[in-house]
Amino acid sequence: MSDLPFGFSPQDPDDKGRKPEEPGGQNPFDFNQLGAMLSQLGAMFSGAGTSSGPVNYDLAKQIALQQLAGTGGTTTGFGPDQTSAVTDAVHLAEMWLDPVTALPAGVRVSQSWSAKEWVERTLPTWQRLCDPVARRVSGAWVDAMPAEAKDAAGPLLSMLGQMGGMAFGSQLGGALAQLGSEVLTSTEVGLPLGPEGTAALLPANIEKFTEGLERPASEVLVFLAAREAAHQRLFSHVPWLRQRLLDTVEEFAQGITVDTSALEQLAGQVDPANPASIEEAMKSGMLEPQTTPEQKAALTRLETLLALVEGWVDVVVADAVGERLPGAEALRETLRRRRASGGPAEQTFATLVGLELRPRRHRSAAALWKLLGDRHGIELRDGVWEHPDLVPGADDLDDPLEFAERFGSTRKALEDPIAELERTIQEEKKDDE
């Protein structure tokens, strides 16, 4: 790769006497071209907001809201009566959940959101999720450049960084618009995206979701309210869970590396007179990070944790509403198929961290939680969330029976460590004999 900035060429000493238009002659600098490029850049940056960092969140928000406006997604689609219906549905769901879980209610306020409000109120959490990955992606290829190339590139690197932030912002904005137009609750993607303690449902999207289900709208609303309330119990009363999910994304980001040979291809595709070519080159995937074994392990942990969250919610909600809502099982299966078909949540995660949520993991996790509850009761089942070391791993989802048996022994050891130590010593003595 050349050590000179993009768009500049080395001048042969023998060319000094030649005019630019003569064979072999070169024009080292075109001020007209530079002026046009700077004008284009100025227009692009002025329209992209003042956001700084690895992702241009001003642009992401702008794009998301523009796309939603084009589909009517900024309108609420419901009146005051439906706002109170959401509050009533959450309140009813909380009463049904109380007997089937040891975790207390976590909802402090119930709200009805439009798609526009969903984008605005979940963007701070998306920023925490996106920043670690985008920062590493945007910095990894610069770090891979030789020192001489960095020195020669000079201000161009800063420009490319801003263009990268715009490219990431554009990608995120499109994903948020898609999610905002289809997501049903604030926790549907399995993460606590909204403000803590806020149960939020999107009635306009729920109305579209209900079409064709042949179930009463009120029944669908209460079922989804129960799922939202169950998620809020988990995220409100398992203090380590929220941070563990975000930390795992950061662990994935730390291992991001970029193939340095892609830089040569980037140099060949970028036209300095056309700033849009820089954005297109970065969005083309040529600088896509390569997955390392450490990253695969981090993704497995994230996938497992999300599956455990969804599996627990599935089981608890089924216990709470199963006999009260005639269509509960059908709705449960509909949501499973919604995940299995690669919905907006899965696509966004794939865009964000290369993670594809596997429905099989959700079913395995639900089977594990159901087995734990049947064998050890609700208190001990929900006690698994007390500490991250107690939580099942990926291997446990493959063999829930073994985990249930091992968990019973682990709980006994925690409840009476002295007795467990004495038992272990006795067993070791027998083995020595």
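A polar contact is a pair of N or O atoms within 3.5 Å, one able to donate a hydrogen and the other to accept it. Keep that cut-off for the second stop; the model on screen is a predicted one.

**Whole protein**

Start with everything shown as a cartoon. The secondary structure comes to 18 helices and two strands. Colour by relative accessibility next: of the 433 residues in the protein, 47% are buried. The exposed surface is about 20700 Å², and carbon and sulfur atoms supply 51% of it. For contacts with a sequence separation of 6 or more, 81% are between residues 24 or more positions apart.

**Helix α2**

Select residues 57-70, which make up helix α2. At 1.5 Å a residue, its 14 residues should span 20 Å, and the end C-alpha atoms are 20 Å apart, so expected and modelled spans agree. Add asparagine 56 to the selection and look at the start of the helix: a side-chain oxygen of asparagine 56 comes to within 3.3 Å of the backbone nitrogen of aspartate 58. Then show the side chains that are buried in α2: Tyr57, Leu59, Ala60, Ile63, Ala64, Leu65 and Leu68.

**Tryptophans**

Now turn to the aromatic rings. A pair of rings is described by the distance of the centres and the angle of the planes. The model has three aromatic pairs. Select tryptophan 369 and tryptophan 385: this pair is stacked, with 5.2 Å centre to centre and 20° between the planes. Tryptophan 369 lies in helix α15 (residues 359-383) and tryptophan 385 in the loop between α15 and α16 (394-398), so the pair ties together parts 16 residues apart in sequence. Buried means under 20% relative accessible area; tryptophan 369, at 0%, therefore counts as buried, and so does tryptophan 385, at 2%. Add Trp240 to the selection: ring pairs link Trp240, Trp369 and Trp385 into a cluster.

**Helix α17**

Finish at residues 400-415, helix α17, and pick phenylalanine 403 and phenylalanine 407. Are these rings stacked or edge-to-face? Their centres are 6.1 Å apart and their planes are at 20°, so the pair is stacked; planes under 30 degrees apart count as such. Why might two such positions face each other's way along a helix? An α-helix has 3.6 residues a turn, so residues three or four places apart point the same way. Phenylalanine 403 and phenylalanine 407 are four residues apart, about one helical turn. Phenylalanine 403 is buried at a relative accessible area of 4%, and phenylalanine 407 is buried at 3%.

Note on methods:
Residues numbered from 1 in each chain as written. Predicted model: local features only at pLDDT ≥ 70, side-chain atom pairs only at ≥ 80, totals over all residues. Heavy atoms only, no water. Expected span 1.5 Å × (residues − 1). Buried < 20%, exposed > 50% of the residue type's maximum accessible area, 1.4 Å probe, protein only. Phe/Tyr/Trp six-rings, centres within 6.5 Å; stacked < 30°, edge-to-face > 60°. Contact = heavy atoms within 4.5 Å. Areas by Shrake-Rupley, 256 points an atom, 1.4 Å probe, with all protein chains shown as cover.
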